[in-house]
Amino acid sequence: MSDHPDPWKTIWLSPRATIRWIVDHEPRKHLLRLLFFGGIAHALSYASAMSLGDMLGMGEILAMSLIAGPLSGFVALSLGGLVLYWIADKLGGEAGVHETRMCMAWSWAPMIYLLPLWGIKYILFRDELFQADKSFLESQTVLNVLFELFSFVDFVVTIFGLYILFSTLAEVNRFSVWRALGAYVLMSLAFTIPVLILFTVLSL
């Protein structure tokens, strides 16, 4: 790691050394950018995965992503980071809550790199990018292949994000990657189980 590394580049292949340098030298410098653009990236992914185009127009989806995306990113980083910190602490971790939130924020960096691709995907796939019905897209061989290729890239980037999260979380807490994975799973369950219980009660 050089004296003045570019964390946006080094976080990909050297997440542990990068997060250690960030913690020691610039713990707050990039957080707002990560939160803002990471929130937008997550909102667009959510809109596509949940086929929100069946209910909303493209303008509404874009507005939601630009406004609600960063807000949801702030909530996820604030609340999720707090819960993840608490769980990691119970598992023997040494990191503070801010360091834990930094790990979460930097794990969004790969998704931020993909933001320009959303414009390309919309040019290619139009409204079907956010709709459940993809009959026209699937009828065009080239478009269908491109859609699958973009989906594969999204999957790889998601895996990279998790790799960064587990590696950085392990580094700041000074425990194993497996313990970092366990903390993440427990945090996910802490949010998922109450939601499932609520939906079950409401469906009775």
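This report describes the surroundings of two residues, Tyr85 and Gly93, and a charged surface patch in a predicted model.

## Tyr85 in helix 4

Tyr85 belongs to helix 4, which covers residues 58-90. Its relative accessibility is 27%, so Tyr85 is classed as partly exposed, given that this class lies between the 20% limit for buried and the 50% limit for exposed residues.

Setting aside residues up to four places away in sequence, Tyr85 makes contact with Ala95, Gly96, Val97 and Thr100. The C-alpha atoms of Tyr85 and Asn173 are separated by 9.4 Å in space, while the two residues stand 88 residues apart in sequence.

## Gly93 in the loop after helix 4

Gly93 is located in the loop that runs between helix 4 and helix 5 (97-106). Gly93 is counted as buried because its relative accessible area is 12%, and buried means under 20%.

When neighbours within four places in sequence are left out, the contacts of Gly93 are Ala88, Asn173 and Phe175. A further pairing joins distant parts of the sequence: Gly93 and Val172 are 79 residues apart along the chain, with a C-alpha to C-alpha distance of 8.0 Å. Asn173 thus appears in both descriptions, as a contact of Gly93 and as the residue whose C-alpha is 9.4 Å from that of Tyr85.

## Negative surface patch

Asp54, Asp133, Glu138 and Glu148 together form a negative patch on the surface. One of these residues, Asp133, sits in the loop between helix 7 (115-125) and helix 8 (135-139). With a relative accessibility of 49%, Asp133 counts as partly exposed, because exposed requires over 50%.

Key. Residues are numbered from 1 along each chain as its sequence is written. This is a predicted model: local features need pLDDT of at least 70, side-chain atom pairs count only at pLDDT 80 or more; totals for chains, interfaces and linings use all residues. Side-chain values use heavy atoms; hydrogens and water are left out. Helices (H or I, at least four residues) and strands (E, at least two) are DSSP runs, numbered from the N terminus. Buried means under 20% relative accessible area, exposed over 50%, partly exposed in between (1.4 Å probe, protein chains only). Contact means heavy atoms within 4.5 Å. Patches are made of residues with over 30% relative accessible area and no salt bridge: like charges are joined within 9 Å, nonpolar side chains (Val, Leu, Ile, Met, Phe, Trp, Tyr) within 5 Å. Accessible areas come from the Shrake-Rupley method with a 1.4 Å probe; for residues, only the protein chains shown count as cover. A salt bridge is a side-chain nitrogen of Lys or Arg within 4 Å of a carboxyl oxygen of Asp or Glu. Lys and Arg count as positive and Asp and Glu as negative; His and the chain ends are not counted. The place of a charge is taken as NZ of Lys, CZ of Arg, CG of Asp or CD of Glu.
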